[in-house]
Amino acid sequence: GVLRYEITGTEHIQPGRPYLIVANHPSLIDVVFLLAMFPTADCVIKQELRENAWTKHLMKGVGYISNRNPEQWLEDCTTRLKEGHSLILFPEGTRTVPGMPLNFKAGAAAVAVRAGVDCLPILINCAPTTLTKAERWYDVPDSRVFLSIQVQPPLTIADIIPTGANQREGGRSFNAYM
């Protein structure tokens, strides 16, 4: 009874097909849903999770990609996608700030351009807000939380990026499109 959820657009997911899964990140709980939807997908995690006494063994065991070194991160993400894995990325690089426009960083776009796999955009809404960057984990909302997860149709990178664009231009085009 703590939360309700709705997942729509699952018809857009083709099982066994690798995707760069890009989603906004309004709450700490949304990643749990994404991992349940894509149990074999790789994730990018903060380096702190690999160094934390409580989580380091788990993070090492699942083999998630660390964000510690940007060049290595980009290479690891691209390699995993080219090997046929799906990858969950939050284009903002962190949790979405409630009430603010989405502010995509260059990382997800750079991975999309280099890997060339289809992107699967997912829009997540959480109302009332909970477990955001602006709230402490123990701040419980007065009403039951509703999480809406909307899977959008896949995007083919070649359809978004202008022909002949270099990787930087391609990344900017991808971010502008998103």
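**Warm-up.** What covers the buried residues of α5? Let us work towards that in small steps.

This is a predicted model, in which local features need pLDDT of at least 70, side-chain atom pairs count only at pLDDT 80 or more, and totals for chains, interfaces and linings use all residues. Residues are numbered from 1 along each chain as its sequence is written, and side-chain values use heavy atoms, with hydrogens and water left out.

*Solution.*
- Step 1: learn the naming. Helices (H or I, at least four residues) and strands (E, at least two) are DSSP runs, numbered from the N terminus.
- Step 2: list the buried residues, where buried means under 20% relative accessible area, exposed over 50% and partly exposed in between (1.4 Å probe, protein chains only). In α5 they are A108, A109, A110, V111, A112, V113 and A115.
- Step 3: look for the cover, taking contact as heavy atoms within 4.5 Å. The cover includes β2, α4, β5, β6 (119–127), α6 (157–160) and α7 (167–177).
- Step 4: draw the conclusion. Seven of the 10 residues of α5 are buried, so this helix is largely enclosed by the rest of the structure.
- Step 5: look just past the helix. G116 follows α5 and has a positive phi, near 70°.

**Exercise 2.** Describe the chain as a whole.

*Solution.*
- Step 1: count the elements. The chain has seven helices and seven strands.
- Step 2: read their order. From the N terminus on, they run β-β-α-β-α-α-β-α-β-α-β-β-α-α.
- Step 3: judge the compactness. The radius of gyration is 16 Å, close to the 16 Å that the globule rule gives for 178 residues, so the chain is as compact as a globular protein of that length. Here the radius is taken over C-alpha atoms, and the rule is 2.2 Å times the number of residues to the power 0.38.
- Step 4: look at burial and contacts. Of the 178 residues, 38% count as buried. Among contacts with a separation of 6 or more, 70% come from residues 24 or more positions apart.

**Exercise 3.** Find the two faces of helix α4, then inspect its ends.

*Solution.*
- Step 1: take its length. Helix α4 (residues 70–82) has 13 residues and reaches 18 Å from its first C-alpha to its last, close to the 18 Å expected at 1.5 Å a residue. That expected span is 1.5 Å times one less than the number of residues.
- Step 2: find the buried residues of α4, which are W73, L74, C77, T78 and L81. They cover an arc of only 120° around the axis, which puts them on the same side of α4. The arc is that of the directions from the helix axis to the C-beta atoms.
- Step 3: turn to the face pointing away from the buried side, which carries the exposed residues E71 and K82.
- Step 4: find the cover over the buried residues of α4. It includes β2 (20–23), β3 (42–45), β4 (65–66), β5 (87–89) and α5 (106–115).
- Step 5: check the ends. N69 caps the N-terminal end, with a side-chain oxygen 3.0 Å from the backbone nitrogen of E71. After α4 comes G84, whose phi is positive, near 100°.

**Exercise 4.** Which residues does T78 contact, leaving aside its neighbours within four places in sequence? Do the same for G171.

*Solution.*
- Step 1: T78, in helix α4, is buried with a relative accessible area of 9%. Its contacts are V111, R114 and A115.
- Step 2: G171 sits in helix α7 and counts as buried at 9% relative accessibility. With neighbours within four places again left aside, G171 is in contact with A109 and V113.

Key:
Polar contact = N/O pair within 3.5 Å; in protein donor to acceptor, adjacent residues only side chain to side chain.
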